[in-house]
Amino acid sequence: MPSSQQAATYLGHLAQELSALPSTIAALGELFQEAGHELALVGGPVRDACLRLTTHDLDFTTSARPEETARLLRQWTPTTWDIGKDFGTIGAQRDGVTVEITTYRSDSYDPTSRKPEVNFGDSLEGDLTRRDFTVNAMAVRLPEMTLVDPCGGLTDLADGILRTPIDPKISFGDDPLRIMRAARFSSQLGFDIDWETMEAMGELADRLQIVSAERIRAELERLIISDHPRRGIEAMEYTGVAEYVLPEIAALKTTVDEHGRHKDVYEHSLTVLDQAIALETDDSGPVPAPDFVLRFAALMHDIGKPATRQFHAGGKVTFHQHDIVGAKMTRKRMRQLRFDKQTIKDVSRLVELHQRFHGYGEAAWTDSAVRRYVNDAGPLLERLHRLTRADCTTRNRRKAMRLQAAYDDLEARIAELKEREEMEAVRPDLDGDQIMRILNIPPGREVGRARAFLLDLRLTEGPLGEEEAEKRLRAWADENL
């Protein structure tokens, strides 16, 4: 569809979405107008309305100063807050509708910091020009509901292009986080980044060093759970941004072998990410999309390969223990990006376990080995199933079918054992109180050792029953306590 026709379609979408806004929003526009102030819906909500995407935030901008905005909002609703007042933002809620209204801005930046010095502006057009991308620099004036688009955002939206309203070097120099936002919006919207903007991302990538790890992590998370995360990762790698955010991914390029002795690990990792996403479920399934833990583990699963690569006689290449090394590297990177402890634990554990399945097809696993696989995966088992399947990117159709069949067999055995032994809650046949009573020992390290022995028995031989477990425990204690 020609971009002009697509733009007209988006205008139609916008009109329909605006007509569906609660009547309280029109009343808010009239309130500001009667007080002699401008009010406009701005940014993401306008973009999403054009695209017919669900938006949960209603962001507005106004000519009124914060104190006047707060006064007017109190006439509209008793529920207001001014936590963002220092940045010109006042929030309010009425009839389940939440709004945030920010005074026109014309920020200036200290080159050593991404925190702006807040200066209030005088016009809507000026406010829009200081925003990150043209597709986010559109507004709708209230109450008349007219589109204001001084930077060509609607055309760029129709063309699927991300472009800054001003020179991207100035825009990214002022606020380096916009570099990450470019990659994130490319992933979120499925848009291309225009060439000049892409060049500026590369030239100013080192400015990301003044941005807090928490803010970079937030953008990275949103990128990974977006509809097209591969786009953002590729943009980061191409521009050199990955060197400052995920250097381990950038380093995968070093495994490209001009002699063709092994596959391109960088491209393989992106393909595994794509395939893992395809294996996510709906909300009623075990891994509802989008699942950050599965996706990030898929991206990071082979980052230990550059550090463990070895060449051998005959052209053989090995990456021994790249899973263990990769898990350690993943933990380190995620800690530096200030991820929460549970997410770090889950992602790095999946990276550590992603190789565990290999070899199953060549040698039959005992029931004990299957139990250990399930026990080691714990609550990550369903994700591990999907990561392992996604890790098969061979072009050899016969090999791929053999691997998939082997994993089908493993999942079937797991299901059978779960049904037979209720493996969801594998525990020793005796609990801590029983161990202390039988061995006549107090709480302490010896109880833990005894429990570990019984758990190993349980995983190796299945349920023993209390009588047999007690007999084995006493025999073990005679030799070890």
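Let us start with a term: a residue is called buried under 20% relative accessible area, exposed over 50%, and partly exposed in between, using a 1.4 Å probe and protein chains only. By that rule, lysine 169 is partly exposed, with a relative accessible area of 43%.

The model you are looking at is predicted, so local features need pLDDT of at least 70 and side-chain atom pairs count only at pLDDT 80 or more, while totals for chains, interfaces and linings use all residues. Residues are numbered from 1 along each chain as its sequence is written, and side-chain values use heavy atoms, leaving out hydrogens and water.

**A strand and its neighbours**

Helices (H or I, at least four residues) and strands (E, at least two) are DSSP runs, numbered from the N terminus. Find strand E5, residues 97-103: 5 of its 7 residues are buried, so the rest of the structure largely encloses strand E5.

Two strands count as paired if DSSP finds at least two bridges between them. Strand E2 (residues 58-62) runs parallel to E5, and 5 bridges join the two. In this pairing, threonine 62 stands opposite threonine 103 of E5. Strand E4 (residues 89-94) pairs with E5 in the antiparallel sense, over 6 bridges. Here glutamine 93 has threonine 98 in E5 as its bridge partner. E4 and E5 form a hairpin with 2 residues between them. In the turn, aspartate 95 has a positive phi of about 50°.

**Salt bridges**

A salt bridge is a side-chain nitrogen of Lys or Arg within 4 Å of a carboxyl oxygen of Asp or Glu. The whole structure holds 34 salt bridges, including these:

| Acidic residue | Basic residue | Closest N and O atoms |
|---|---|---|
| Aspartate 127 | Arginine 131 | 2.9 Å |
| Glutamate 203 | Lysine 169 | 3.3 Å |
| Aspartate 274 | Arginine 230 | 2.8 Å |

Glutamate 203 belongs to helix H9 (residues 195-203) and lysine 169 to helix H7 (residues 168-174), so this pair ties together parts that are 34 residues apart in sequence. Aspartate 274 sits in helix H14 (residues 265-278) and arginine 230 in helix H11 (residues 229-239), so their salt bridge ties together parts that are 44 residues apart in sequence.

How accessible are the acidic partners? Aspartate 274 is partly exposed, with a relative accessible area of 33%, whereas aspartate 127 is buried, with a relative accessible area of 1%.

Salt bridges can also share partners: in this way Asp132, Arg181, Arg184 and Glu219 are joined into one network.
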